[in-house]
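Q: Got a minute to go through this one with me? I have some questions about the ligand site and the packing.

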Amino acid sequence: MALIRCENVSIGYEGQTVVRELDFSINVGDYLCIVGENGSGKSTLVKSLLGLKNVEKGRIIYGDGLKKNEIGYLPQQTDVQRDFPASVYEVVLSGRLNSRGFKPFYTAADKSMAAEKLELLGISDLAGMCFRDLSGGQKQRVLLARALCATKTMLLLDEPVTGLDPIVTAEFYQLIRRINHDEKIAVVMVSHDIESAVEDASHILHLQEKMLFFGSAEEYRESRVGKSFLSGAEHSVSDGGESNV
Ligand code: ADP
């Protein structure tokens, strides 16, 4: 059974549909990149996958033990987050908030999980530092550790390398590959960078009002949509979607 299955899903704001006819699954261990131009509905879909936004039509089914509050989420960066006046350790530990239920304090298990994720990402030495004093790349590692505290199954990353320089971006992508491969955590990443997406991801979902393509990264490379976007051509391919659900 899939971790998440979207069946004929349409999503919108106040009756204005943004994306429609989404049919795809995310399975254990998958690395799915969601690509598409600005305004194509990527972030809107992310909100619905997290259960923060209702769908207008169709349904999103969670399976294989995954609950929507057990998806580790790394949101698009905002200035508020960048200036967060807390220690790195506190930021990472706050990833446990969703799973804590109504318990008023962090448990020993929460704390050891935070320490474990800091270690996993090689940032234990930053634990006592103030989050806002870190470099952009360090901040993204910390927010990744925070997201990992919230899940054993799936990470959802919304444009995680925006503003990072090429070397730090490459390191971040490598980290995501390692987490996906070694920790067996499914990765769903919204990305502008189709070239890197096809290199790293197992599957591609290309949105443009509807699902322009869903299938494996290899199939995407060979597809009409993939060829058009990978060659750098910016024109739209809107006459009929392609899918290998
Ligand atoms: P993407 O992430 O692909 O750039 P979004 O999901 O952010 O696209 O936006 C898709 C469309 O939905 C855009 O036309 C955007 O203007 C609209 N939209 C996004 N958020 C809201 C909102 N809170 N209320 C109304 N419309 C919105």
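The chat below goes through the ligand site, the cores and one buried acidic residue.

A: Sure. Keep in mind that this is a predicted model.

Q: Ligand first. Which residues are around the ligand?

A: The shell consists of Tyr13, Val18, Glu37, Asn38, Gly39, Ser40, Gly41, Lys42, Ser43 and Thr44. By class, that is two nonpolar, six polar and two charged residues.

Q: Which helix gives the largest share of that shell?

A: Helix α1, residues 42-49, with three residues.

Q: And polar contacts? What lies 3.3 Å from a nitrogen atom of the ligand?

A: A polar side-chain atom of Tyr13. On the oxygen side, a backbone N or O atom of Gly39 is 2.8 Å from a ligand oxygen, and a side-chain N or O atom of Thr44 is 2.5 Å from an oxygen atom of the ligand.

Q: How much of the ligand does the protein bury?

A: 56% of the 560 Å² that the ligand exposes when taken alone.

Q: Back to Thr44. Is Thr44 buried or exposed?

A: Thr44 counts as buried because its relative accessibility is 7%, and the cut-off for buried is under 20%. Thr44 sits in helix α1. Leaving out residues up to four places away in sequence, Thr44 touches Ile11, Tyr13, Val18 and Lys53.

Q: OK, packing now. How many residues are in the largest nonpolar core?

A: 49, and Leu144, Ile204 and Tyr220 have the most contacts inside that core. Helix α5, residues 136-149, is the main contributor to this core, with seven residues.

Q: What does Ile204 touch?

A: Beyond four places in sequence, the contacts of Ile204 are Leu32, Cys33, Val35, Ala197, Val198, Phe213, Phe214, Gly215, Ala217 and Tyr220. There is also a second, separate core of 27 residues, with Val19, Ile26, Ile71 and Ala186 among its members.

Q: Any general reason to look for cores like these?

A: In soluble globular proteins, nonpolar side chains tend to be buried together.

Q: Last one: Asp110. Where does Asp110 lie?

A: Asp110 is in helix α4, residues 108-120. Asp110 is buried, as its relative accessible area is 4%.

Q: Which side chain makes a polar contact with the side chain of Asp110?

A: That of Arg96, at 2.8 Å.

Q: And how far is Asp110 from Ala150, C-alpha to C-alpha?

A: 9.8 Å, with the two residues 40 apart along the chain.

How values were computed:
Residues are numbered from 1 along each chain as its sequence is written. This is a predicted model: local features need pLDDT of at least 70, side-chain atom pairs count only at pLDDT 80 or more; totals for chains, interfaces and linings use all residues. Side-chain values use heavy atoms; hydrogens and water are left out. A nonpolar core is a set of buried Ala, Val, Leu, Ile, Met, Phe, Trp, Tyr and Cys residues joined through side-chain atoms within 4.5 Å. Buried means under 20% relative accessible area, exposed over 50%, partly exposed in between (1.4 Å probe, protein chains only). Helices (H or I, at least four residues) and strands (E, at least two) are DSSP runs, numbered from the N terminus. Contact means heavy atoms within 4.5 Å. A residue is near a molecule or strand if one of its heavy atoms lies within 4 Å of it. A polar contact is a pair of N or O atoms within 3.5 Å; within protein, one must be able to donate a hydrogen and the other to accept it, and residues adjacent in sequence count only if both atoms are side-chain atoms. Accessible areas come from the Shrake-Rupley method with a 1.4 Å probe; for residues, only the protein chains shown count as cover. Ala, Val, Leu, Ile, Met, Phe, Trp, Tyr, Cys and Pro count as nonpolar, Asp, Glu, Lys and Arg as charged, and the others, Gly among them, as polar.
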